[in-house]
Amino acid sequence: MPLEEQLAPATRQQPAHEGEFAGAAGSDAAVATSDSAALHLDEQRLVLERLLAAHEAWFDVSRDTEYAGRRFEGYAEFHSYGEKYVLSKKRKLWEVEAHEYLFFTLVERMDEECFQELFEFMKTEAVNKACPGPNHMTSYISLVIIAKEVDDTAGRSLRKAAYHKTFKLGFHGYAEFRLCVVDLAGQRVLTNAMGKSMKRVLEENAGFGSRGTGKTSRR
C-alpha cells in the first residue's frame with residue numbers, strides 16, 4: 001500500500017512524491033535565488049545546493065552539519081503523523097508516524113574503501129536517528145554521495161547494499177536504508193534497490209535529466 005494511503009488523513013500534509021521518496025521541490029523563486037547564488041560554486045556544491053533547495057519546502061534543511069562526530073555538507077529531515085478516528089476524536093482507531101532522514105556528503109572519489117566506511121557509519125550511527133515506539137511505522141535513512149568520480153567496484157557494491165532493521169519484531173516499526181551516489185564524471189546516478197525512487201530527482205538536479213530542478217509528483 002502506498003505510504004500516503006497508509007497515513008491519510010495526516011495531521012501534517014505530506015509532500016507529493018514518486019514512490020515513497022518525499023523529495024518535493026521548492027518554489028520557482030527560491031530555486032532561482034539558489035541557482036543565482038550557486039554560480040560561483042564548483043560542480044559538487046552546485047548539485048548539493050540544488051538538491052537542498054528542492055527539499056526546503058517540506059524538509060527541515062541544514063548545511064555543514066555534524067552528526068556522531070562526522071561532518072556532512074547537507075542534511076534534511078521530514079516527519080509525518082497520521083491518525084484515524086471513529087465518529088469523534090475520543091475514539092482513536094490508530095496513530096502512525098513516518099520519518100525520513102537524508103545525509104548529503106561530498107567526496108573526491110568514491111572507491112570501495114570510501115563507500116564501505118560511509119555504509120558502516122550509516123549502519124552503526126545514522127540508524128540511531130530512528131525513534132521506534134508503539135506508533136512508529138517507518139524511518140527512511142538516506143545517504144546521498146556527490147562524487148567527482150566513482151570507482152566501478154564501489155558502484156557495484158552500493159547497488160547491492162541493503163539494510164533493514166525491525167524494532168520489537170516489527171511492532172515498533174522498521175528502518176530502511178536508501179543509498180545513492182551522484183557520479184559527476186560518469187554523468188550518472190547509482191542507487192541501491194530502496195533508493196531507486198530517488199533517482200529521477202537526483203538526475204535532474206545534477207543536470208543529467210531534463211533542465212531545471214527536479215519535481216516529484218503523485219501518480
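Buried residues account for 49% of the 219 residues in this protein. Keep in mind as you look around that this is a predicted model.

**The whole chain**

Start with a cartoon view. You should find 6 helices and 7 strands, and from the N terminus on their order is α-α-α-β-β-β-α-β-α-β-β-β-α. Now switch on the surface: its accessible area comes to about 10,800 Å², and 49% of that belongs to carbon and sulfur atoms. How do contacts reach along the sequence? Among contacts between residues at least 6 apart in sequence, 68% join residues at least 24 apart.

**Stop one: the largest nonpolar core**

Select Phe-103, Met-110, Ile-141 and Ile-145. These have the most contacts inside the largest nonpolar core, a set of 29 residues. To see where the core gets its members, colour strand S2 (70-86), strand S3 (88-110), helix H4 (112-124), strand S4 (136-150), helix H5 (152-160) and strand S6, since each supplies at least two of its residues. Which element gives the largest share of this core? That is H4, with 6 residues. As background, nonpolar side chains tend to be buried together in soluble globular proteins.

Stay here and centre the view on Phe-103. Leaving aside neighbours within four places in sequence, Phe-103 is in contact with a list of residues that includes Tyr-67, Phe-72, Tyr-75, Met-122, Ile-141, Leu-143 and Val-144. Gly-74, Ala-126, Lys-129 and Ser-142 are also among the contacts of Phe-103.

A second core, separate from this one, has 20 residues, and you can find it by selecting Leu-51, Val-144, Cys-180 and Leu-202, which are among its members.

**Stop two: helix H5**

Next, select Asp-151, at the start of this stop. Asp-151 caps the N-terminal end of H5, with a side-chain oxygen 2.9 Å from the backbone nitrogen of Thr-153.

Now show the side chains of Ala-154, Gly-155, Ser-157 and Leu-158, which are buried residues of H5. Turn the helix until you look down its axis: the buried residues of H5 fall within an arc of 160°, so they line one face of the helix.

Pick out Ser-157, which is found in H5. Is Ser-157 buried or exposed? With a relative accessible area of 18%, Ser-157 is buried; the cut-off for that label is under 20%. Apart from neighbours within four places in sequence, Ser-157 is in contact with Glu-112, Phe-115 and Gln-116.

**Stop three: strand S6 and its partners**

Move on to S6, residues 174-183. This strand is mostly covered, as 9 of its 10 residues are buried. Which strands can you find paired with S6? One is strand S5 (residues 164-166), which runs antiparallel to S6 and is joined to S6 by 3 bridges. Another is strand S7 (residues 188-191), which pairs with S6 in the antiparallel sense over 4 bridges.

To see individual bridges, begin with His-164, whose partner in S6 is Glu-176. Then show Cys-180, whose bridge partner in S7 is Thr-191. Asp-183 stands opposite Arg-188 in S7. In the hairpin of S6 and S7 there are 4 residues between the strands, and Gln-187 takes a positive phi near 50°.

Go back to Glu-176, which lies in S6. At 13% relative accessibility, Glu-176 counts as buried. Leaving aside neighbours within four places in sequence, Glu-176 is in contact with Ser-139, Tyr-140, Ile-141, Tyr-163, His-164 and Met-194. Try a distance label between Glu-176 and Ile-141: they are 35 residues apart in sequence, and their C-alpha atoms are 6.2 Å apart in space.

**Last stop: two positive phi angles**

Finish with Asp-64 and Ala-68. Asp-64 is placed in strand S1 (residues 60-67) and has a positive phi of about 45° although it is not a glycine. At 43% relative accessibility, Asp-64 counts as partly exposed.

Ala-68 is found in the loop between S1 and S2. Phi of Ala-68 is near 50°, a positive value in a residue other than glycine. Ala-68 counts as partly exposed at 45% relative accessibility.

Key. Residues numbered from 1 in each chain as written. Predicted model: local features only at pLDDT ≥ 70, side-chain atom pairs only at ≥ 80, totals over all residues. Heavy atoms only, no water. Buried < 20%, exposed > 50% of the residue type's maximum accessible area, 1.4 Å probe, protein only. Contact = heavy atoms within 4.5 Å. Areas by Shrake-Rupley, 256 points an atom, 1.4 Å probe, with all protein chains shown as cover. Pairing = 2+ DSSP bridges. Core = buried A, V, L, I, M, F, W, Y, C linked by side-chain atoms within 4.5 Å. Arc of directions from axis to C-beta. Polar contact = N/O pair within 3.5 Å; in protein donor to acceptor, adjacent residues only side chain to side chain.
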